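Please examine the sequence and the structure below before reading on. The briefing then takes up a helix, a core and a surface patch in turn.

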Amino acid sequence: MWTACTGVPRFRGPRTLGNRVRRAHARGMKTTSNTRREWAWLPDSRPGTVAVGLAALVLCGTILLAVGFALGMEPAETFTDNWLLTVAGAVILAGGLAAAVVGAVALVRRDRSWAVVVATTVGVLVTALLLQQLAEGLG
């Protein structure tokens, strides 16, 4: 900022980017020897949130199918015997595959949170198990 009488710039202090400078001065500008980033529990990015939501949908669908079988729903011999099971299996398979892919994208983009790792693992496991069941049914 220029002063009116002298024409020389007047120093008003450090320019702050949010509270970074104030927080750095409050810490005493000390660096720590621990440079590892702590893993958060909740995701930080949109792909991470989508992966967690898809994994929750897959788990809920799988639990609902297990409860349905426990309450006496008849298993199907072929894919066309029970359309409810066919559609539910296809939705769970697509959700598991999508959770695995979107979770992998979130991990590649450095969204290191436990929920994203769990969601990606659930997606991979559910996809692998359903593909194995599908291969047994076709074989």
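**Helix α2 and its surroundings**

Helix α2 (residues 46–70) has 25 residues and reaches 36 Å from its first C-alpha to its last, close to the 36 Å expected at 1.5 Å a residue. This is a predicted model, in which local features need pLDDT of at least 70, side-chain atom pairs count only at pLDDT 80 or more, and totals for chains, interfaces and linings use all residues. Residues are numbered from 1 along each chain as its sequence is written, and side-chain values use heavy atoms, with hydrogens and water left out.

**Helix α2**
- Among the buried residues of α2 (buried means under 20% relative accessible area, with a 1.4 Å probe and protein chains only) are Pro47, Gly48, Gly61 and Gly68.
- The cover over the buried residues of α2 includes α3 (83–108) and α4.
- Just after α2, Gly72 has a positive phi of about 110°.

**Nonpolar core**
- The largest nonpolar core (buried nonpolar residues joined through side-chain atoms within 4.5 Å) has eleven residues, including Leu54, Ile92 and Val122.
- The elements that each give two or more residues to this core are α2, α3 and α4, and α2 gives the most, with five residues.
- Leaving aside neighbours within four places in sequence, Leu54 is in contact (heavy atoms within 4.5 Å) with Gly95, Ala98 and Ala99.

**Surface patch**
- Trp39, Trp41, Leu42, Trp114 and Val118 form a nonpolar patch on the surface, with about 580 Å² of accessible area together.
- Patch residues have over 30% relative accessible area and no salt bridge, and nonpolar side chains are joined within 5 Å.
- Val118 lies in helix α4 (residues 114–138).

How values were computed. Patch = residues over 30% accessible without salt bridge, like charges linked within 9 Å, V, L, I, M, F, W, Y side chains within 5 Å. Areas by Shrake-Rupley, 256 points an atom, 1.4 Å probe, with all protein chains shown as cover. Salt bridge = Lys/Arg side-chain N within 4 Å of Asp/Glu carboxyl O. Helix = DSSP H or I, 4+ residues; strand = E, 2+ residues; numbered from the N terminus. Expected span 1.5 Å × (residues − 1). Buried < 20%, exposed > 50% of the residue type's maximum accessible area, 1.4 Å probe, protein only.
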